[in-house]
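Got the structure open in your viewer? Then let's take a walk through it, one selection at a time.

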Amino acid sequence: MGVPQMMLALAYRAEFMKEALEKSQTITDNMVSILGSFDHRLSALETAMRPTQIRTHSIRRAHENIDKTLKSAEGILSQFDQTRKAEAKILRGPHEDLETYLEAIEQLKATVKFFSSNKNFKSSDGVVHHANQLLAKAISKLQEEFNTLLSNYSKPVEPDRLFDCLPNSLRPSSASDKHQGEGGNKHSSEQQKSLETAIYTLPTLIPPRVVPLLHDLALQMAQAGHQQQLFRIYRYYSKHRWHYAYVHALFISSEFGTCQCQSMLSINARDTRASVLEQSLKKLGVERLTKDDVQRMQWEVLEAKIGNWIHYMRIAVKLLFSAEKKICDQILEGIESLRDPCFADVTVNSVSVLLSFGDAIAKSKRSPEKLFVLLDMYEIMRELRSEFELVFGSKACMEMRESAFNLTIRLAQTAQETFVDFEEAVERDATKTAVLDGTVHPLTSYVINYVKFLFDYQSTVKQLFQELESTDPEGQLAAVTTRIMQALQTNLDGKSKQYRDPALTQLFLMNNIHYIVRSVRRSEAKDMLGDDWVQIHRRIVQQHANQYKRISWAKILQCLTVQGESSGSSGLSRAMVKDRFKTFNSQFEELYTRQAQWTVPDSELRESLRLAVAEVLLPAYRSFIKRCAPMIDGGKTPNKYVRYTPEDLERMLNEFFDGKTYNEQKRNRKRRAASLFGWKCRCLLLSIPK
């Protein structure tokens, strides 16, 4: 019973599920039918709405186009309005308000750019053409304003202003400034260091408030481009001013004439500033001199001009050129293609004038007196070398930089050649006028002073030798000095042979070599020549002194020598004694007459020589008088033979080498005669028995 019931329950449930599924299928079919009808209706609705959607999209696009058009119109109208305002500012010119004028130019450039990028506008070409014409006028007015400002504020610098910019030690009013007129002769290391560390104040060439205006003008003009074409046009205008109207019209109307004046700026600035710079140097005293001009000048005039040139070079390079470089850099800042060439063009003539004088001196006929001015010139060129490298360091200035360097080398070479010339001139000096008193010859003092000056310049000379590729400049200077000294001694030996009196020959050589030795010992030449050189030449001085004594006094001393004399006896007859006294008197008076006119200028040497003679003569004379005078005292005229006392001889010896004239000697003889008379009276009184 249980199983059938279960089957019935399952059947019942299956039936129920069948009915539920059938109902679900029916509902599904109904839903599909309903959804299908909705799809049809939506398709119909979409078809009905499409025209509306199309109209709405068109309206939206129309609104967007209208907005864009309005905005474009506003931009165009704004450009037209700004162009109108810019045109008004351009027509007024830049002199009233340069900043506003430059803004107007920028606006015109913006207008050209705007309409050039919107060619679809109907009036674009006309607007661009009109704006370009305005720009051309604007740039032309800028050029005129640039010219006006540059011309009005470019004035030559007065010399007094330049002197005020120098260090105190180099100003003409300074007591220590001998360099300007004389070229300077003392060159201590302290002075050189002082010059190297001296502070220079650059002069104001253009008022600082004007420089930014010129820079703004230059920058606008430089942005024009096409510089080569306008460079040629401007040069043509400069040479043919009657074509100015044609060139100006071409500048305004040509395709390349729009905002194209960079080269015009360069040449105009160059012409203005170059002229002012040249006038500043001319006011200072700079002039162009050729080699022929230099050759015709008297030495004193030329020496002064060289001293001035050294001063001018320092002022020009350290002040004027440096200030010009600063102004050029400020005005043409940002215009790299023009800045250095423009500065080179501004300064080239002035540099040429200055260097041409130095070149004329270096190429002129060499002479010994020019050596030290050559060294001065070489020294200033070396001093200014770093400034030349700094101020004229650009490629555009290379020719000027090389000219300065070449002048430095040429001065060094000429100075070195002058050394050789001087050595030869000293050795070959053919002055035949001998110094009659045997004193120091003018050639000796000249050469020694020359050597002293040379050692004042020894640092410069060493640099010069080093510049000319010497491996041992100090050794070369020592060799030059030694050769000069040797040449002098050779020449003095030749001059000494002009004297007929061999004693004067020895005195002359003694004086001159002693002067050389003393001068060397008191100068820096001693360190260069060495102690051995000094000692050797001191011995030479002594040798000449000994030779003088032998030649002058050997013969006279023989008169006072009594050979074979025994104690208490002279071994001479009365006649022989008289003859000896007569010979002695005659020879001594002759020596006195001549040698009192000779000169030994050095007081120590003079006293030493007198003492050396006295030490030999006086003892011999005293001894001779003591032995031989009594033999003639009993005669009628004993003073005829014994004319001089030992004291007289001593006084007379002290008058040797004083360079006394004949009249002075005559007065001295009268005084000695009176003295001799008194001595005889005393001798007579002593001989009377009490």
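## First stop: helix α14

Start by selecting helix α14 and colouring its buried residues: L371, F372, V373, L374, L375, D376, M377, Y378, E379, I380, M381 and E383. Keep in mind as you look that this is a predicted model. Out of the 13 residues of α14, 12 are buried, so the helix is largely enclosed by the rest of the structure. Now put a ruler along the helix, which covers residues 371-383. From first C-alpha to last, α14 reaches 18 Å, close to the 18 Å expected at 1.5 Å a residue.

## Into the core

M381 of that helix is a handy way into the next stop. Which residues touch the most other members of the largest nonpolar core? Select W309, M313, I331, M381, W553 and F588: in this core of 174 residues, they are the ones. Then show helix α12, residues 299-331, which supplies the largest share of the core with 16 residues. In soluble globular proteins, nonpolar side chains tend to be buried together.

Zoom in on W309 and leave aside its neighbours within four places in sequence. What remains in contact with W309 is L354, F357, G358, M377, I380, M381 and L407. Among these, M377, I380 and M381 are also on the list of buried residues of α14.

## Charged pairs

Side chains of opposite charge can pair when their charged atoms come close. The model has 29 salt bridges by the rule used here, and here are a few to click on.

Try R314 and E383, whose side chains meet in a salt bridge at 3.0 Å, N to O. R314 sits in helix α12 and E383 in helix α14, so this pair ties together parts that are 69 residues apart in sequence. Are these two residues buried or exposed? Both R314 and E383 are buried.

Next, pick D359 and K363, another salt bridge at 3.0 Å, N to O. These two are 4 residues apart in helix α13 (residues 336-363), which means about one helical turn separates them. D359 counts as buried, at 17% relative accessibility, while K363 counts as partly exposed at 45%.

Now go to E417 and R366, where the side chains form a salt bridge of 3.1 Å, N to O. This pair links distant parts of the chain, 51 residues apart: E417 belongs to helix α16, and R366 to the loop between α13 and α14. E417 is partly exposed, with a relative accessible area of 36%, and R366 is partly exposed too, at 38%. Before you leave the charged pairs, select K325, D329, E336, R339 and D340 together: salt bridges that share partners join them into one network.

## A threonine with no exposed surface

Stay in helix α16, which runs over residues 398-428, and select T418. How much relative accessible area does T418 have? The value is 0%, so T418 is buried. Look for the backbone oxygen of T414, which lies 2.6 Å from a polar atom of the T418 side chain. Beyond the neighbours within four places in sequence, T418 is in contact with R366, S367, P368, L371, L374 and Y450. You have met R366 already, as the salt-bridge partner of E417, and both L371 and L374 are buried residues of α14.

## Further along the chain

Jump to R550 in helix α22, residues 531-559. R550 counts as partly exposed, with 48% relative accessibility. Measure from there to V613: the two are 63 residues apart in sequence and 9.9 Å apart in space, C-alpha to C-alpha.

Then find F657, in the loop between α26 (646-653) and α27 (662-687). Most residues other than glycine have a negative phi. F657 has a positive phi of about 65° although it is not a glycine. At 1% relative accessibility, F657 counts as buried.

## Last stop: confidence

Finish by colouring everything by pLDDT. The protein's mean pLDDT is 79, and 78% of its residues reach 70 or more. Over residues 174-186 the pLDDT is below 50, and this stretch has 34 contacts in the model beyond near neighbours in sequence. Residues 676-690 are also below 50, with 11 such contacts. Where pLDDT is low, the predicted coordinates should not be read in detail.

Note on methods: Residues are numbered from 1 along each chain as its sequence is written. This is a predicted model: local features need pLDDT of at least 70, side-chain atom pairs count only at pLDDT 80 or more; totals for chains, interfaces and linings use all residues. Side-chain values use heavy atoms; hydrogens and water are left out. Buried means under 20% relative accessible area, exposed over 50%, partly exposed in between (1.4 Å probe, protein chains only). A polar contact is a pair of N or O atoms within 3.5 Å; within protein, one must be able to donate a hydrogen and the other to accept it, and residues adjacent in sequence count only if both atoms are side-chain atoms. Contact means heavy atoms within 4.5 Å. The expected span of a helix is 1.5 Å times one less than its number of residues. A nonpolar core is a set of buried Ala, Val, Leu, Ile, Met, Phe, Trp, Tyr and Cys residues joined through side-chain atoms within 4.5 Å. pLDDT is the predictor's confidence in each residue, from 0 to 100. A salt bridge is a side-chain nitrogen of Lys or Arg within 4 Å of a carboxyl oxygen of Asp or Glu.
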